[in-house]
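User: I have a structure open here and would like to talk it through with you. Could you start with the overall layout and then go on to the charged side chains?

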Amino acid sequence: RQASRAIPSFSIDAGVELERTTNAFGRAFRQTLEPRLHYVNTPYRAQAQLPNFDAAERDFNASSIFADNNFSGIDRVSDSHQVTAGVTSRLVDAASGIEALRLGFVQRYLLRTQRITGDGQPLEQRFSDVLLVGGTSVIPSWAFDTALQYSAETARTRRAVVSARYAPGDFRTVSATYRL
């Protein structure tokens with residue numbers, strides 16, 4: 001009937017955006033280099049006695065890898081002692097401000113075994129899979145995006161997502177996405 005918990009957590013998310021002007025393809029661009037470092041330390045607290053109404057493990061992607069908690073919802077809080085490091089580089093058209101090219105890389109390192117997981121099994125793998133992301137909109141009205149999740153442990157790609165989007169005018173878009 002009555003339950004409570006107190007789970008302290010400390011996190012720091014630091015990044016910097018370095019930029020320079022450059023020329024490529026006969027056009028002026030602003031090139032960025034954006035390193036990012038995220039540290040989280042949340043101690044283990046037993047939570048099995050509490051009901052789980054809406055917490056689910058987050059999908060492993062370039063946004064969720066930087067989250068403080070590996071669960072959506074508030075019914076579970078993952079114990080974490082981890083560092084996530086990533087870097088993104090962009091080419092932004094100097095005249096229009098449109099992002100012409102984006103490339104990124106991110107990986108997480110566990111400093112201790114994570115005991116609160118979606119399947120209940122402790123996570124002991126120190127290095128996460130590597131996430132590689134990219135996108136371009138160099139061709140007018142077209143945008144292409146890709147994301148790869150690569151496992152060094154199995155030396156295989158675990159997930160690949162490739163998207164193409166065509167926007168011939170205002171309020172008209174056709175897109176296709178392939179997920180492996």
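User: In what order do the elements of the protein run from the N terminus on?

Analyst: This is a predicted model, and in it the elements run β-β-β-β-β-β-β-β-β-β-β from the N terminus on. The secondary structure comes to zero helices and 11 strands. The radius of gyration is 20 Å, well over the 16 Å that the globule rule gives for 180 residues, so the protein is more spread out than a compact globule.

User: What does the C-alpha trace span along its principal axes?

Analyst: Along those axes the C-alpha trace of the protein spans about 65 × 35 × 35 Å.

User: And how much of the protein is buried?

Analyst: Buried residues make up 27% of the 180 residues, while the surface that the protein exposes comes to about 11,600 Å², of which carbon and sulfur atoms supply 56%. As for contacts with a separation of 6 or more, 50% of them are accounted for by residues 24 or more positions apart.

User: Switching to charges, how many positive and negative side chains are there?

Analyst: The protein has 21 positive and 18 negative side chains, and the centres of these two sets lie 2 Å apart. Side chains of opposite charge can pair when their charged atoms come close. A search of the whole structure finds 10 salt bridges.

User: Which residue does D93 pair with?

Analyst: D93 forms a salt bridge with R27, and the closest N and O atoms are 2.8 Å apart. D93 lies in strand β6 (residues 80-93) and R27 lies in strand β3 (residues 27-42), so the pair ties together parts that are 66 residues apart in sequence.

User: Is D93 buried or exposed, and what about R27?

Analyst: D93 is buried, with a relative accessible area of 10%, whereas R27, at 31% relative accessibility, counts as partly exposed.

User: Okay, and what does D129 form with R158?

Analyst: D129 and R158 form a salt bridge in which the closest N and O atoms are 3.2 Å apart. D129 lies in the loop between β7 (99-110) and β8 (130-136), and R158 lies in strand β10 (residues 156-169), so this pair ties together parts that are 29 residues apart in sequence. D129 is buried, with a relative accessible area of 7%, while R158 is partly exposed at a relative accessible area of 44%.

User: Which residues are linked in a network of salt bridges?

Analyst: The network of salt bridges links E34, R90, E99, R102, D145 and R165. For two of its members, R102 and E99, the side chains meet in a salt bridge with an N to O distance of 2.5 Å, and E99 counts as partly exposed at 25% relative accessibility.

User: New topic, the loops. Where is the place of P43, and what does P43 touch?

Analyst: P43 has its place in the loop between β3 and β4 (56-57), and with a relative accessible area of 25% P43 is partly exposed. Leaving out residues up to four places away in sequence, P43 touches I7, P8, D79 and R112. P43 and S80 are 37 residues apart in sequence, and their C-alpha atoms are 6.6 Å apart in space.

User: You mentioned R112 there. What does R112 touch?

Analyst: Again not counting residues up to four places away in sequence, R112 touches N41, T42, P43, Y44, D79, S80, H81 and R126. R112 is in the loop between β7 and β8, and R112 is partly exposed, with a relative accessible area of 27%.

User: How far apart in space are R112 and A155?

Analyst: From C-alpha to C-alpha, R112 and A155 are 23 Å apart in space, and in sequence they are 43 residues apart.

User: Last thing, the backbone. What is the phi of S141, and what is the phi of A155?

Analyst: Most residues other than glycine have a negative phi, and most peptide bonds are trans. For S141, however, phi is near 75°, a positive value in a residue other than glycine, and A155 has a positive phi of about 55° although A155 is not a glycine. S141 is in the loop between β8 and β9 (142-151), where S141 is partly exposed with a relative accessible area of 38%, and A155 is in the loop between β9 and β10.

Terms used
Residues are numbered from 1 along each chain as its sequence is written. This is a predicted model: local features need pLDDT of at least 70, side-chain atom pairs count only at pLDDT 80 or more; totals for chains, interfaces and linings use all residues. Side-chain values use heavy atoms; hydrogens and water are left out. Helices (H or I, at least four residues) and strands (E, at least two) are DSSP runs, numbered from the N terminus. The radius of gyration is taken over C-alpha atoms; the globule rule is 2.2 Å times the number of residues to the power 0.38. Buried means under 20% relative accessible area, exposed over 50%, partly exposed in between (1.4 Å probe, protein chains only). Contact means heavy atoms within 4.5 Å. Accessible areas come from the Shrake-Rupley method with a 1.4 Å probe; for residues, only the protein chains shown count as cover. Lys and Arg count as positive and Asp and Glu as negative; His and the chain ends are not counted. The place of a charge is taken as NZ of Lys, CZ of Arg, CG of Asp or CD of Glu. A salt bridge is a side-chain nitrogen of Lys or Arg within 4 Å of a carboxyl oxygen of Asp or Glu.
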